[in-house]
Amino acid sequence: MLHLTAVRREACNRYGLYLSTVDVTFILKHVTGSLAARFIHAIRTTASGTNMTGQSRGPKVLVFLRIAFLSLILVLVVLLLVATIRTFSLDVNSGLQLGKWERTAIISEHISAAQREQLLSNLKEAIQIPTVSFAENDLNTTALQEFGRFLQRVFPAVFSSPLVKHEVVSNYSHLFWMPGSDSSLQPYMLLAHIDVVPATESDGWDAPPFSGEEIDGFIYGRGTIDDKNSVVGILQALEYLVERGYVPRRGFYVGLGHDEEVGGHNGAKSIVKLLESRGVSLAFVLDEGLALLDGVISNLQGPVALIGVTEKGQATVKLSVTALPGHSSIPPRETSIGILAGAVTRLEKNPMPMLFGYGPERSMFEHLAYKFTLPLKFIMSNLWLFSPLLGRIMERRPEMNAFVRTTTAVSVFHGGVKVNIIPPYAEAFVNFRIHPAQTLQEVLELINGMVDDERVNIELVDGFDPLPVSSYDDESFGYQLIKKTVLDMFPHVTVAPGLCIGNTDSRHYTTLTKNVYRFAPVWFKPGDTKRFHGVNERIGIKNYEDSVFFYFKFIQNCDVRELPEPHGSLHEL
């Protein structure tokens, strides 16, 4: 039996939504049809009744039917009225836009043409250093050392400033600390990672993956969106601020991990351990994760910025079967491969429970509702009514199914040694990405129940629970500062909380803060999500410049002592 976690907060192949007219019709028919069916059943049941003496109850039945019919009509009218009012009044950005923010020192972001060229050159050079992580114990350490020297060379103000404290952690990661003028304000932390996944030009790249080549307004190369754009962008912004005499009111850290792509166990974990030893407590953490989407979500009017407020957990499970070897001419009823195949088939044919509405994915659609076109706007604005049905629609598409449940992926299968030998051993590895409403232990219990075969050994290779859902209401300091900066930079964007289905270094920082957010100011248009860890990873020149000045503004915005008084929006009605 599934036991959901106690805390159920409403809230990059990572994004995408498409609901066709058929889907919408299905939802509406399902709701209205269900109500009508119940009403007809009541009519038939009542009309067939008699009293205890066998006499007809016709007049009373007619009165009852009139009352029942009018009641049903009244309920439907009220539901329609409430849903319609909510549909046309929902705008979750108004509260922030109307709030009166405390003024902080604003340093000019103007840069010369020469500085702009240098800004782009710095990113290109960073891409040219192949800081590849192949496995947890197989990193390009030569490139990591070179990258450290590169940072010191291109950001001289940061590394020479007496205000900025820098130290190397675990040989290749970097930690920066810039104390604030007001020590009573709790510091925050910006995260990014130096390492990248492997890439080979023969896979079909338009430019060599470690060239940083510029083509038609884009810089190509591994790390342009994951995650050297953030590494270099954060330090570039800090370089400009330090050069212009900036002294923060609120202190902050910058942590650059060197092994995020293989778990962050030596980089991010070591940084966290060091900060813990110093008694550091953080107001919030901002890492990579979700992004700016334009045209990716069908039927949505305008671009959206999704801020990850949690990320899925993960489990890698090994299934194995051991049997007696023998000659294939005298086979048993089932071989080890057959037994294992049956277990794997049961896992694939019985997906984990659908959990739409128990994580931040429901809140994401409610935040975006007012930007959808009708009739989707009506549905998204009223998930209190349509949530179960929308979840059923979403689970039919792989790209959206990942948001509504723990996913199951059979990724490795080994068995057999020779064609005429009964295999003595077979094994398979299955990867589960755990929905925020479940725990690792709950998933393991479900796996055991689905396999249900004592001949199959089930072993947890590695795993961890989903991350706690960080707050994103009007009083959430970190979330609102990210949101404000996004709207400062891109006023036409709709901001919403989201679920990060991949994992980041930020998962290691939950002992330092309860408020962990995942967002990078990178634009994704249709088809761009395939570039993430894929072929032709790239970033637009204008996009990268905007990324630098996003962090430039964000650091200054964080100098507010507190958020403005919440200004209620119509969304709260």
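# Chatting through a predicted model

User: Let's start inside. Which residues does Val-486 touch, leaving out those up to four places away in sequence?
Analyst: Val-486 touches Leu-292, Ala-305, Val-493, Val-495, Phe-519 and Phe-550, with residues up to four places away in sequence not counted. Keep in mind that this is a predicted model.

User: Noted. How many residues are in the largest nonpolar core, and which have the most contacts inside it?
Analyst: That core has 113 residues, and Val-486 and Phe-554 are the ones with the most contacts inside it. Apart from it there is another core, of 23 residues, including Met-352, Ala-426, Val-430 and Val-456.

User: And the chain overall? What share of the residues is buried?
Analyst: Of the 573 residues in the chain, 55% are buried. The chain exposes about 25,500 Å², and carbon and sulfur atoms supply 55% of that area. As for secondary structure, the chain has 16 helices and 19 strands.

User: Let's talk cysteines. How many disulfides turn up in the whole structure?
Analyst: A search of the whole structure finds zero. Two cysteines are worth a look anyway: Cys-500 counts as buried because its relative accessibility is 0%. Cys-558 is buried too, with a relative accessible area of 0%.

User: Now a lysine. Is Lys-318 buried or exposed?
Analyst: Lys-318 has a relative accessible area of 18%, so it is buried, given that the cut-off for buried is under 20%. You'll find Lys-318 in strand 11, residues 313-322.

User: What polar contacts does its side chain make?
Analyst: The Lys-318 side chain makes a polar contact with the side chain of Tyr-425 at 3.4 Å, and another with the side chain of Glu-427 at 3.5 Å. Tyr-425 and Glu-427 are also among the residues that Lys-318 touches beyond four places in sequence; that list includes Ala-428, Phe-429, Asn-457, Ile-458, Glu-459 and Val-461 as well.

User: Nice. Switching to rings: how many aromatic pairs does the structure hold?
Analyst: The structure holds 18 aromatic pairs. Take Phe-356 and Phe-365: their ring centres are 6.3 Å apart and their planes are at 50 degrees, so this pair is tilted.

User: Are those two buried or exposed?
Analyst: Both Phe-356 and Phe-365 are buried.

User: Which residues form an aromatic cluster?
Analyst: One cluster is formed by Tyr-188, Phe-252, Phe-284, Phe-477, Phe-519, Phe-550, Tyr-551 and Phe-554. You've met Phe-554 already, as one of the residues with the most contacts inside the largest nonpolar core. Phe-519 and Phe-550 came up too, since Val-486 touches them.

User: What about Trp-177? Where is it found?
Analyst: Trp-177 is in strand 4, which covers residues 173-178. With a relative accessible area of 25%, Trp-177 is partly exposed.

User: Which residues is Trp-177 in contact with, leaving aside neighbours within four places?
Analyst: They are Leu-163, Val-164, Lys-165, Pro-187, Gly-251, Phe-252 and Tyr-253. Gly-251 sits 74 residues apart from Trp-177 along the chain, yet their C-alpha atoms are separated by 7.5 Å. Phe-252 on that list belongs to the aromatic cluster.

User: Next up, Pro-351. Where is its place?
Analyst: Pro-351 is in the loop between helix 9 (336-349) and helix 10 (361-368). Pro-351 counts as partly exposed, at 48% relative accessibility. Outside its neighbours within four places in sequence, Pro-351 is in contact with Arg-405 and Met-450. Its C-alpha is also 7.0 Å from that of Thr-408, with the two positions 57 residues apart in sequence terms.

User: On to backbone oddities. Which residues does a cis peptide bond join?
Analyst: One joins Leu-374 and Pro-375, with omega about 5 degrees; Pro-375 is in the loop between helix 10 and helix 11 (376-380). The bond from Asp-226 to Asp-227 is cis as well, with omega near 5 degrees. Asp-227 is in the loop between strand 7 (218-220) and helix 7 (228-243).

User: And why flag a positive phi or a cis bond?
Analyst: Because most residues other than glycine have a negative phi, and most peptide bonds are trans. Asn-299 has a positive phi, near 70 degrees, and lies in the loop between strand 9 (285-293) and strand 10 (304-311). His-533 has a positive phi of about 65 degrees, and its place is in the loop between strand 18 (516-524) and strand 19 (538-540).

User: What relative accessibility do they have?
Analyst: Asn-299 is at 32% and counts as partly exposed. His-533 is at 38% and also counts as partly exposed.

Conventions:
Residues are numbered from 1 along each chain as its sequence is written. This is a predicted model: local features need pLDDT of at least 70, side-chain atom pairs count only at pLDDT 80 or more; totals for chains, interfaces and linings use all residues. Side-chain values use heavy atoms; hydrogens and water are left out. A nonpolar core is a set of buried Ala, Val, Leu, Ile, Met, Phe, Trp, Tyr and Cys residues joined through side-chain atoms within 4.5 Å. Buried means under 20% relative accessible area, exposed over 50%, partly exposed in between (1.4 Å probe, protein chains only). Contact means heavy atoms within 4.5 Å. Helices (H or I, at least four residues) and strands (E, at least two) are DSSP runs, numbered from the N terminus. Accessible areas come from the Shrake-Rupley method with a 1.4 Å probe; for residues, only the protein chains shown count as cover. A disulfide is a pair of cysteine sulfur atoms within 2.5 Å. A polar contact is a pair of N or O atoms within 3.5 Å; within protein, one must be able to donate a hydrogen and the other to accept it, and residues adjacent in sequence count only if both atoms are side-chain atoms. Rings of Phe, Tyr and Trp (its six-membered ring) pair if their centres lie within 6.5 Å; planes under 30 degrees apart count as stacked, over 60 as edge-to-face and the rest as tilted.
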